[in-house]
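This note is addressed to a colleague who meets the structure below for the first time. The points are numbered so that each can be checked against the display.

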Amino acid sequence: MTDTQVQSAFRPTTSDEPLLEVKDLDVHFRLKNGGLARVVDGANLTIRRNEIIGIAGESGSGKTTLVEAILGINRFSNRQLGGQVLYHARNGEVMDLAALSPHQMARVRLSEIGYVPQGSMNSLSPTMRVADQIVDGMVSHGMSKSKARAKVPELLEKVGLDKRVMRLYPHELSGGMKQRVIIAIGISMEPSIIIADEPTTALDVNVQRRILATLMRLRDEMGVSIIMVSHDVAVHAELVDRLAIMYAGQVVETGGVRPMLKAPLHPYTKGLTDAIPTITATRQRIDGIRGVTPSPDNWPKGCRFHNRCQYAMPQCAEIPPQLVSLSDERVKALNQVETSTEDRMVSCHLYGSGADRD
Ligand SMILES: Nc1ncnc2c1ncn2[C@@H]1O[C@H](COP(=O)(O)OP(=O)(O)OP(=O)(O)O)[C@@H](O)[C@H]1O
Ligand SMILES: [Mg+2]
């Protein structure tokens with residue numbers, strides 16, 4: 001067992017209180033040919049206080065688009081937003097982030113939600129010392145330069161870097177160190193949530209493990225919630241408490257990571273988890289998921305996975321399934337999982353499409 005696996009075996013129980021609720025979120029892009037790319041389309045997800053939630057799914061399933069919408073980042077003028085992103089602030093106020101102005105959202109970012117964007121490791125300014133890059137974010141949120149400077153050594157220590165790193169330029173840092181600097185910027189205003197989009201993807205496995213251990217420690221020390229986006233289910237297995245699987249712009253299954261990986265319900269989750277090679281299996285054939293991912297400007301009718309699904313039934317090609325809760329008893333009966341299923345939700349006709357029924 002690795003250190004991180006030992007830590008995750010003893011991870012604290014997270015609070016049931018919601019911190020962020022993504023409700024029927026749509027992120028559509030108007031295309032030049034007049035069509036509509038429904039990249040995120042009716043996505044639902046709840047993030048609780050002090051938990052690490054993972055978002056997994058194939059490339060193009062809408063993971064980055066979803067977190068950018070949560071953060072109010074609008075990089076494209078052809079974007080249309082629908083639904084709600086309810087944030088339960090520390091003072092008890094509930095704000096719909098999707099309804100805030102760009103100016104209001106700029107204040108929420110960093111102070112309430114820290115962000116480690118996909119590929120950001122390579123976006124540090126090559127001409128600025130590490131300390132100045134960390135200070136800049138805090139100053140832009142109203143902190144005095146001297147106070148921000150004084151915070152840098154503590155922030156570097158929090159992310160596992162020596163304080164001497166503050167004087168260095170990005171080209172003097174390894175990939176893992178650069179990623180830690182980006183995380184230091186993300187936590188600099190002590191947010192309630194950190195969103196990390198593929199933070200370990202370009203790193204080798206040992207560095208990846210150490211970064212995951214750092215994120216876990218930050219959750220314990222700072223009491224933050226973390227949204228971890230990764231296409232790599234093995235990363236989620238090591239880090240997260242709960243997992244959300246995205247397919248074709250929607251969340252198709254959520255639940256506690258261990259019961260979900262041990263006994264996935266949605267056929268797409270089954271396909272994703274089958275693709276993880278295990279050390280214990282002597283010879284395992286990895287079949288992957290047959291067929292190709294559909295395109296956001298032409299999602300299939302009915303269940304978007306039906307034409308790749310080996311369990312598809314006639315109604316799957318016609319009626320879109322809803323994300324519904326299954327009781328612990330139902331999940332245990334379905335797949336003999338002994339542990340609590342931690343609010344399993346699934347969107348698949350195999351499990352009924354309305355309330356929790358057989
Ligand atoms: N401005 C836009 N106009 C049209 N389509 C877009 C736009 N921005 C993103 N898309 C499309 O949205 C889809 C989802 O992209 P997104 O980056 O959210 O996926 P992802 O799940 O994060 O993938 P990856 O694992 O590769 O990071 C892609 O098919 C992309 O082409
Ligand atoms: Mg992405």
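1. Two residues are taken to be in contact when heavy atoms of theirs lie within 4.5 Å. In that sense histidine 28 touches Leu36, Ala37, Arg38, Val39, Val40, Asp41, Asn78, Arg79 and Gln80, leaving aside residues up to four places away in sequence. The coordinates belong to a predicted model, and every statement in this note should be read in that light.

2. Histidine 28 itself is placed in strand E1, which covers residues 18-30. Is its side chain buried or exposed? The cut-off for a buried residue is under 20% relative accessible area; because histidine 28 has 11% relative accessibility, it counts as buried. A polar contact of 2.8 Å links the side chain of histidine 28 to the side chain of aspartate 41.

3. As to the chain as a whole, 11 helices and 12 strands are present. The chain has 358 residues, of which 51% count as buried. Its exposed area is about 16800 Å², with 50% of that supplied by carbon and sulfur atoms. When contacts between residues at least 6 apart in sequence are considered, 67% of them join residues at least 24 apart.

4. The sheet deserves attention next. Eight strands form an open sheet with mixed pairing, in the order E6-E7-E8-E3-E9-E10-E12-E11. Strands E6 and E11 (324-325) occupy the edges, and each has a single partner strand, so one side of each lacks a neighbour in the sheet.

5. Strand E9 (residues 242-247) is mostly covered, with 6 of its 6 residues buried. In a regular strand, side chains alternate between the two faces of the sheet. In E9, Arg242, Ala244 and Met246 point one way, whereas Leu243, Ile245 and Tyr247 point the other way, and all are buried.

6. Which strands pair with E9? Strand E3 (residues 52-56) pairs with E9 in the parallel sense over 4 bridges, and glycine 54 has leucine 243 of E9 as its bridge partner. Strand E10 (residues 250-256) pairs with E9 in the antiparallel sense over 6 bridges, and alanine 244 has threonine 254 of E10 as its bridge partner. E9 and E10 form a hairpin with 2 residues between them, and alanine 248 in that turn has a positive phi of about 50°.

7. The pairing continues from E10 to strand E12 (residues 345-346): these two run antiparallel and are joined by 2 bridges. Threonine 254, already named as the partner of alanine 244, stands opposite methionine 345 in E12.

8. Among the helices, H4 (130-140) merits a separate remark. Its buried residues include Val130, Ala131, Gln133, Ile134, Val135, Gly137 and Met138. The cover over the buried residues of H4 includes helix H3 (102-111), helix H5 (145-158) and helix H6 (175-187). Glycine 142 follows H4 and has a positive phi, near 95°.

9. Where does the surroundings of ligand 1 draw its largest share of residues? That share, 3 residues, comes from helix H2. Around ligand 1 there are 15 residues, and Ser59, Gly60, Lys63, Thr64 and Thr65 come nearest. An N or O atom in the side chain of lysine 63 is 2.8 Å from an oxygen atom of ligand 1. Polar side-chain atoms of threonine 64 and threonine 65 also lie by oxygen atoms of ligand 1, at 2.8 Å for threonine 64 and 2.5 Å for threonine 65. Ligand 1 taken alone exposes 650 Å², and the protein buries 70% of that.

10. Which protein atoms are donors of the magnesium ion (ligand 2)? They are OG1 of Thr64 and OE1 of Gln118, at 2.0 to 2.2 Å from the ion. This pair links distant parts of the chain, for the two residues are 54 residues apart: threonine 64 is in helix H2 (residues 63-70), and glutamine 118 is in the loop between strand E6 (113-116) and helix H4 (130-140). Threonine 64 counts as partly exposed, at 21% relative accessibility, and glutamine 118 is also partly exposed, with a relative accessible area of 46%. Threonine 64 thus appears in two settings: as a donor of the magnesium ion and among the residues that come nearest to ligand 1.

Notes
Residues numbered from 1 in each chain as written. Chains lettered and ligands numbered in written order. Predicted model: local features only at pLDDT ≥ 70, side-chain atom pairs only at ≥ 80, totals over all residues. Heavy atoms only, no water. Donors = N, O, S within 2.8 Å, 3.2 Å for Na, K, Ca; no water. Buried < 20%, exposed > 50% of the residue type's maximum accessible area, 1.4 Å probe, protein only. Areas by Shrake-Rupley, 256 points an atom, 1.4 Å probe, with all protein chains shown as cover. Pairing = 2+ DSSP bridges. Near = heavy atom within 4 Å. Polar contact = N/O pair within 3.5 Å; in protein donor to acceptor, adjacent residues only side chain to side chain.
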